[in-house]
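Subject: Handing over a structure, with notes

Dear colleague,

I am passing on the structure below, together with some notes that may help as you look through it for the first time. Please keep it open beside the text as you read.

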Amino acid sequence: MFICREDYPVADTKYGKVRGFYLDGCFIFQGIKYADAKRFHMPQEPESWEGVKDALSYGYVAQIMKKPVPNNEIMVPHRYWPSSEDCQYLNIWSPSMEKDAKKPVMVWLHGGAFDDGSSIEQVAYEGKNLSMAEDVVVVSVNHRLNILGYWDLSEVDEDYWNTGNLGNADLTAALRWIHDNIAVFGGDPDNVTLFGQSGGGMKVLTLMQTPEANTLFQKGIVQSGVIANMFNQDKKVNHAFVEKLRERGIADKETLETMPYRRLVEEYQKIEEELTSEGYEVTRCPIENAYYLGNPLEHGFCERAKEIPLLVGSVFGEFDFDHGINGKEDYSEEAIRQMLEAQLGDGAEALSELFKETYPDKHILDLLSLDNFIRSTEIDLIKERCKSDKSDTYSFLFTYNFALDGGKTAWHCCEIPFVFHNIEKVPVCNDSEETKILEKQMSFAWAQFARTGKPELGVPSPGETKVPQWTACAPGKENVMVFDRTCQVRTNFDHELIALHEQYFDGSSRLKADNVQH
C-alpha cells in the first residue's frame, strides 16, 4: 500500500513540517535538511520555514574527488546521485509516527573512507527492510567529505580552526537534529545507535572521541572500520601543504572559498603529488585538536567513549575483490604449494598448517584471501577496550563463502546486505537457504544490540537447535561471533594465525584506492 497525501504522512519538526510517504507499513522521508554550511566553516542550524516541505527525494550527496567507475557490481551494486557542497541531508525509515512509540534509532554512516560514498551509494543501504523486520527507526546521513570535510587549513586563518573535522562536525549536527526531532518520527532520542562500515566505522570510532557528539548516541557498531592510519592526520604534512598553498598565492580565505571545486581538487592533487614525492604520507581523516580527542589506540578511549557499548568486527577476505578460484577442489598439491609460496614465501608451510587448524572447513587456497590489515588492528582495539571494566565490547567475524565462480571468500562490504535485511537486492547473496537464515540472524543481532546493548542471534543456524550465547569480550579473551553457515562463538581463535600472517604478508598492499569497493 502506498499513501502520499497533502496532510499524510507529515512530521512537525523543530524547523517546520515535512511530508514523506507511506509504503507497506513503513513511513519514509527522504532528503531532510539537517544543517547549512559555508565552505570551510562549521555547520549551522537550518533555517525554519512555513507550510509543509516535501521530503520525497534524496538530497544532494557530497562532492567527491574522483569520477566513479563501475566495478564488480555483481558483488557490491552501487547507485549515484547529483552532488553538491550543499549536502547536509538525511533520510528516515520508520514503522511508526507515534510520538510516544520510542523505537530504537539506528543511524547509518556510509563507507568510502573519509573521501567518498554517500548515504544511498550502495543499493544495500536502503533502510525499509531493516526498519520493518526489526521494528526500528533507520536514519542515513550525507556529510562533507575529502578536502571539504577533512583538510586541515587551520594555519591559513583562525576561522579555519576545525576544517580538518568538518565532515564529523556535520555528522554531529545530524545527531543533534536527530536528538531534537526523531520523536515525531516514532524514535527514541535517548536510544540512538551509530552503525557504519569501512569509513563509516571509522566515523563511529572518531565520533566516540568527540565530546560534542558522543553524548548524542548511546551505542556504536563498527564494521570493517578499524584502520590504523586513518584516525589522525599528520600536522607536519598539513603545515607543508599550507606552505605550498602560500607559494602558489592561494592561501587566503577568499580564494579558497570561491575557487570552483574541481579546480580546488586539481590544485590539491598537484601539491599532494609533490609532497608524496618528498616522502610525506598524505591522509584525509579527522585531526586531533580541541574538538576531536584523537586516536584511541594512541591515547586510549575517553571516559564517555568507555561507557558506550561497542560491537566491532570485520570479514574474512576484506580487500580481495577477485572472483573465486574455479576448480580449486581439483588443484594438485604441487599447484597449491606454488600458489601459496608465491604470496607467502617462506611462511607458506607454517601458515598452511595453522590455517587448517583455525579454519578446518575452508579450502587451503582461501588462505590467499585472508585479511590481516583490519583484523590485526581490530584485535588491538578490543584489547584496549578491555582495559576498562566500563566498556562492553562484542566482537564478530563474517566468514561465509559465496557461490561465485569457484567459491568466493567474504569481501569488504559483503555483510552489509545481511545487516540491512537486503540480500534480495544483491544477487550474489542469494546462493543458499543458509543466507536467508544468516540475514535474519545478523539484522536481528544488530537491532537487538540497538535495543538493549547486547547482541543476540534470535534464531539458530540450519541444523542447530540452540542459539549460541554471544558473550562480551574480557581481558585476554576475545569472544568472536563467527557468522557463517553455522554461527558459533570462538575465543581468540585466529590470533596466532593473524600474527604469523602479518610477518609474511603486508595486507595493506591490497588497500589501493582505485580498487577498493566502498
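What follows goes through the sheets, then the helices that lie across one of them, and then the helix pairs.

Please bear in mind that this is a predicted model, in which local features need pLDDT of at least 70 and side-chain atom pairs count only at pLDDT 80 or more, whereas totals for chains, interfaces and linings use all residues. Residues are numbered from 1 along each chain as its sequence is written, and side-chain values use heavy atoms, with hydrogens and water left out.

The 12-stranded sheet

One open sheet has 12 strands in the order E1-E4-E5-E7-E9-E8-E10-E11-E12-E13-E14-E15, with mixed pairing; strands here are DSSP runs of E with at least two residues, helices are runs of H or I with at least four residues, and both are numbered from the N terminus. Two strands are taken to pair if DSSP finds at least two bridges between them. Strand E1 (2-3) and strand E15 (488-491) stand at the edges and have a single partner strand each, so one side of each is left without a neighbour in the sheet.

Within this sheet, strand E8 (residues 103-109) and strand E9 (residues 137-141) run parallel and are joined by five bridges, and Met106 has Val138 in E9 as its bridge partner. Strand E10 (residues 187-197) pairs with E11 in the parallel sense over five bridges, with Gln197 partnered by Gln223 of E11. On to E12 (residues 310-315), E11 is joined by four bridges, and these two strands also run parallel; here Gly220 stands opposite Leu310 of E12.

Strand E11 (residues 219-223) is mostly covered, as five of its five residues are buried, where buried means under 20% relative accessible area, exposed means over 50% and partly exposed lies in between (1.4 Å probe, protein chains only). In a regular strand the side chains alternate between the two faces of the sheet. In E11, Lys219, Ile221 and Gln223 point one way while Gly220 and Val222 point the other way, and all are buried.

The three-stranded sheet

A further open sheet has three strands in the order E2-E3-E6, again with mixed pairing. Strand E2 (10-12) and strand E6 (52-54) stand at its edges, each with a single partner strand, so one side of each is left without a neighbour in the sheet. The twist averages 30° from one strand to the next. E2 and strand E3 (residues 17-19) run antiparallel and are joined by three bridges, and the bridge partner of Ala11 in E3 is Val18.

Helices across the strands

Helix H3 (residues 166-181) lies across strand E5 (26-33), strand E7 (89-94), E8, E9 and E10, and runs at about 150° to E10. Axes are lines fitted to C-alpha atoms, for helices over the stretch in contact, and angles run from 0 to 180 degrees between N-to-C directions; contact means heavy atoms within 4.5 Å. Helix H15 (residues 433-452) lies across E8, E10, E11, E12, strand E13 (393-398) and strand E14 (479-483), and runs at about 150° to E11.

Helix pairs

Helix H11 (residues 333-344) and helix H12 (residues 348-358) pack at an angle of about 110°, with their axes 9 Å apart. That makes H11 roughly perpendicular to H12, on a scale where angles under 35 degrees count as roughly parallel, over 145 as roughly antiparallel, 65 to 115 as roughly perpendicular and the rest as oblique. Leu340, Glu341 and Leu344 of H11 make the contact with Ala348, Leu351 and Ser352 of H12.

H12 also meets helix H16 (residues 495-504), the axes coming within 10 Å and crossing at roughly 155°, which makes H12 roughly antiparallel to H16. Ala350, Leu351, Leu354, Phe355 and Thr358 in H12 meet Glu496, Leu497, Leu500, His501 and Tyr504 in H16.

Helix H6 (residues 235-247) and helix H8 (residues 261-277) pack at about 125°, with their axes 10 Å apart, which makes H6 oblique to H8. Val237, Ala240, Phe241, Lys244 and Leu245 in H6 meet Tyr268, Ile271, Glu272, Glu274 and Leu275 in H8.

With best wishes
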